[in-house]
Number of protein chains: 2
Amino acid sequence: MKAAVLRGGQIVVDEVDEPVPGPGEVLVAVRACGICGSDLHFVHHGARFVQLSSEMRGVPTRPAVDLGRDVRMGHEFCGEVLEAGPDTDAPPPGTLVTSIPALQRGAERTSLSFTNDEAAGYGERMVLSASLLLEVPAGIDPAIAAMTEPLAVGLHAVNRSGIQAGDAAVVLGCGPVGLSIIAGLRRGGIEPIVATDYSPARRATALAMGAHEAVDPTTEDGVAAWRRLDGRRPLVVFEAVGVPGMIDGAMREAPRNTRIVVPGLCMETDVIQPVIGILKELTIQFVVAYDGDEFAGALDSIATGEIDVSPMITGRVGLDDIAQAFDDLARPDRHTKVVVEPHA
Amino acid sequence: MKAAVLRGGQIVVDEVDEPVPGPGEVLVAVRACGICGSDLHFVHHGARFVQLSSEMRGVPTRPAVDLGRDVRMGHEFCGEVLEAGPDTDAPPPGTLVTSIPALQRGAERTSLSFTNDEAAGYGERMVLSASLLLEVPAGIDPAIAAMTEPLAVGLHAVNRSGIQAGDAAVVLGCGPVGLSIIAGLRRGGIEPIVATDYSPARRATALAMGAHEAVDPTTEDGVAAWRRLDGRRPLVVFEAVGVPGMIDGAMREAPRNTRIVVPGLCMETDVIQPVIGILKELTIQFVVAYDGDEFAGALDSIATGEIDVSPMITGRVGLDDIAQAFDDLARPDRHTKVVVEPHA
């Protein structure tokens with residue numbers, strides 16, 4: 001079958017082995033898979049990511065990704081069930097499903113985000129664990145259902161932040177994670193929600209998804225905009241850009257006692273001034289991903305229409321155009337979320 | 001009168017103007033004043049500290065310290081009341097007092113930590129605000145009472161961390177702040193408390209003040225020691241060293257979901273790897289100082305004997321020997337806390 005792979009730092013489309021579902025697994029046709037900013041980061045900074053992952057302690061060791069071999073990516077997917085593996089209880093063929101991007105094999109959970117050995121979302125077909133499948137209600141566009149994953153990332157960041165009614169929020173960056181955070185904050189009754197992005201299109205999307213104000217950071221800093229609009233409520237800043245310097249900038253602008261929540265997956269070394277954090281008693285809270293309940297909740301919010309993720313989808317491409325889509329996404333004035341549709 | 005001042009990057013002792021108490025103020029003879037690590041940092045990195053303070057927003061602007069003029073320091077003091085200013089209700093002469101290091105003039109609160117215009121603790125006499133005075137109970141050694149301030153810093157860090165019974169703690173650095181944190185953790189029933197310091201003498205003091213284990217980080221990392229002793233309880237790491245690289249090191253070693261509390265006043269630029277924070281969902285919580293209740297509580301803990309701060313005092317010097325004491329404190333194998341006794 002056909003799949004896009006990361007090979008020698010380039011995204012290329014090639015013929016790969018057909019995935020075969022084992023016991024407890026299901027073969028699905030990938031109907032839609034969103035391109036994530038972390039995939040773009042990984043293309044440029046994968047070696048650093050792999051090295052840091054191996055250097056740090058305190059997390060279960062996992063097989064390192066080998067950049068000398070093809071790397072499969074694509075973790076925001078919606079698939080259609082084709083067939084179940086041996087002795088596997090699964091939804092009938094034709095059912096639309098999604099799943100957290102992992103395989104559950106016994107007690108072992110293997111990530112599908114960056115993998116040498118499994119099929120992932122940037123391909124015609126992939127294997128999922130039956131125990132992790134969530135059925136997508138009838139009538140939902142697979143591309144919309146594929147937004148479950150980035151929405152769950154945003155809702156998790158909001159949950160972990162501990163923000164509550166009566167607080168205010170500044171969201172730095174209106175990519176898919178920033179937009180998902182905005183949607184979660186709006187649902188939680190936070191006001192005002194100030195969003196920042198260089199792109200006029202993304203600022204418009206931020207307003208459509210629930211921000212009360214969206215500013216261009218070249219003109220007005222996000223915290224300054226919060227001061228203009230409010231300036232009194234306890235503030236939580238969400239750093240959803242993920243490039244060096246963003247945390248330092250937020251620390252310099254934030255008022256005393258601000259919590260800076262960081263879901264932006266910056267893979268580069270960053271510089272901070274601890275004295276600023278100390279004098280203002282700031283907290284930097286790094287967050288990642290979601291748990292199973294948050295993922296299911298995100299799908300539910302999409303299915304019931306509670307959160308409309310459609311404004312964030314700005315493009316759809318076939319497998320052959322993934323490399324071009326990666327390039328386009330590096331210019332955020334053109335796109336927010338591009339969805340790959342391998343069979344469209 | 002005689003005082004030590006920071007002049008052109010050097011600590012020098014000189015004749016300075018006699019301080020005069022205004023309305024609501026009290027003139028005291030400084031009986032003891034501890035030398036704080038932040039004073040040592042300020043001698044070397046004062047210019048950077050002043051610049052960063054001026055660059056950051058979100059805190060009330062305060063008069064910048066002018067390094068081109070004499071800077072007065074000394075904020076861990078115990079004094080003896082000499083006379084009250086005009087129309088001032090104050091304890092009788094001879095009363096031992098301490099205070100948070102600030103003057104309250106109307107709504108304005110002026111810090112005495114680094115100041116061009118006020119007398120501070122490294123001098124024969126200083127002025128304090130009557131409204132902020134705390135009487136030191138009879139029989140307490142002024143040098144012990146002067147430890148109220150660093151103890152309050154440590155107790156505040158413990159309070160802010162949210163650590164609770166059932167959690168474990170690693171304290172990086174057994175200077176006065178680290179030791180005060182250890183005392184606060186022990187009082188709160190935290191177990192195990194693992195302390196780290198290069199100095200055998202400081203490790204012994206850590207054990208005397210409540211640590212269950214004290215390790216040399218050249219031999220065993222603090223988090224590794226926690227793994228050996230416990231490895232299961234939720235962990236809070238306190239970074240009480242305050243030099244570049246400590247936060248990065250703690251992030252690399254810490255287990256998932258660790259809170260890293262940072263009271264160490266690092267005045268230099270520091271480097272972190274955000275990806276490590278994100279993959280482990282770490283929180284970096286910067287803290288500083290204390291509130292009035294915490295300061296009063298620290299004095300009370302000393303006065304009642306609940307916390308014995310005497311092991312941290314390793315030296316006493318007169319005003320003329322402050323510069324030498326600063327040099328000695330830069331070699332932490334010799335000293336923990338040196339107290340200046342201007343009238344001894």
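These legends go with a set of close-up views of a predicted model.

**View 1. How chain A and chain B are related.**
Start with the pair as a whole: chain A lands on chain B after a rotation of 180° with 0.0 Å of shift along the axis, and the RMSD is 0.0 Å. That is what a two-fold axis does. Look at the contact surfaces and the picture fits together: 100% of the interface residues of chain A are interface residues in chain B as well, so the copies meet through the same surface.

**View 2. The interface between chain A and chain B.**
Here 49 residues of chain A sit in contact with 49 residues of chain B. Between them the two chains bury about 4200 Å², with 62% of that on carbon and sulfur atoms. Three residues to pick out are A:R57, A:I278 and A:F286, which supply 18% of the area that chain A buries against chain B, more than any other three residues.

**View 3. Charged and polar pairs across the interface.**
Zoom in on the charges and six salt bridges turn up across the interface of chain A and chain B. One to look for joins the side chains of A:R57 and B:E253, at 3.4 Å from N to O. A:R57 is also one of the three residues named for the area buried by chain A. Polar contacts between the chains come to 25 residue pairs, both partners being at pLDDT 80 or more. On the chain A side, the elements that give two or more residues are α1 (37-55), α3 (148-161), α6 (222-229), α7 (246-253), β15 (270-272), α8 (274-279) and β16 (283-286). Of these, α8(A) brings the largest share, six residues.

**View 4. The surroundings of A:F42 in the nonpolar core.**
What is in contact with A:F42 once its neighbours within four places in sequence are left aside? The list runs A:L6, A:F49, A:V50, A:V65, A:L67, A:V71, A:M73, A:F114 and A:M267. The largest nonpolar core has 139 residues, and A:F42, A:M73, B:F42 and B:M73 are the ones with the most contacts inside it. So two of those four, A:F42 and A:M73, can be seen touching each other in this view.

**View 5. A salt bridge between β3 and β6 of chain A.**
The closest N and O atoms of A:E25 and A:R105 are 2.8 Å apart, which makes the pair a salt bridge. A:E25 belongs to strand β3 (residues 25-34) and A:R105 to strand β6 (residues 102-105), so the pair ties together parts of chain A that are 80 residues apart in sequence. The two ends sit in unlike settings: A:E25 is buried at 5% relative accessibility, whereas A:R105 is partly exposed at 36%.

**View 6. A salt bridge between β4 and β3 of chain B.**
In chain B, B:E80 forms a salt bridge with B:R31, and their closest N and O atoms are 2.9 Å apart. This one links distant parts of the chain too, with B:E80 in strand β4 (residues 76-84) and B:R31 in strand β3 (residues 25-34), 49 residues apart. B:E80 is partly exposed, at a relative accessible area of 23%, and B:R31 is partly exposed at 33%.

**View 7. Another salt bridge in chain B, and a network in chain A.**
B:R334 and B:D328 form a salt bridge with 3.5 Å between the closest N and O atoms. B:R334 is partly exposed, at 48% relative accessibility, but B:D328 is buried at 9%. Over in chain A, salt bridges link A:R7, A:D14 and A:D70 in a network. Over all chains, the count of salt bridges is 48.

**View 8. B:D248 in helix α7.**
Is B:D248 buried or exposed? It counts as buried, with 15% relative accessibility. B:D248 sits in helix α7 (residues 246-253) of chain B, and its side chain makes a polar contact of 2.9 Å with the side chain of B:R252. Beyond four places in sequence, B:D248 touches B:V271, B:I272 and B:Q273.

**View 9. A:V237 in strand β13.**
A:V237 lies in strand β13 (residues 235-239) of chain A and is buried, at 1% relative accessibility. Leaving out residues up to four places away in sequence, A:V237 touches A:V170, A:L172, A:V223, A:A250, A:T258, A:R259, A:I260 and A:V261. A:A168 is 69 residues from A:V237 in sequence, yet their C-alpha atoms are 8.6 Å apart in space.

Technical notes: Residues numbered from 1 in each chain as written. Chains lettered and ligands numbered in written order. Predicted model: local features only at pLDDT ≥ 70, side-chain atom pairs only at ≥ 80, totals over all residues. Heavy atoms only, no water. Core = buried A, V, L, I, M, F, W, Y, C linked by side-chain atoms within 4.5 Å. Buried < 20%, exposed > 50% of the residue type's maximum accessible area, 1.4 Å probe, protein only. Contact = heavy atoms within 4.5 Å. Least-squares fit on C-alpha atoms with pLDDT ≥ 70 in both. Buried area = accessible area lost by both parts, 1.4 Å probe. Salt bridge = Lys/Arg side-chain N within 4 Å of Asp/Glu carboxyl O. Polar contact = N/O pair within 3.5 Å; in protein donor to acceptor, adjacent residues only side chain to side chain. Helix = DSSP H or I, 4+ residues; strand = E, 2+ residues; numbered from the N terminus.
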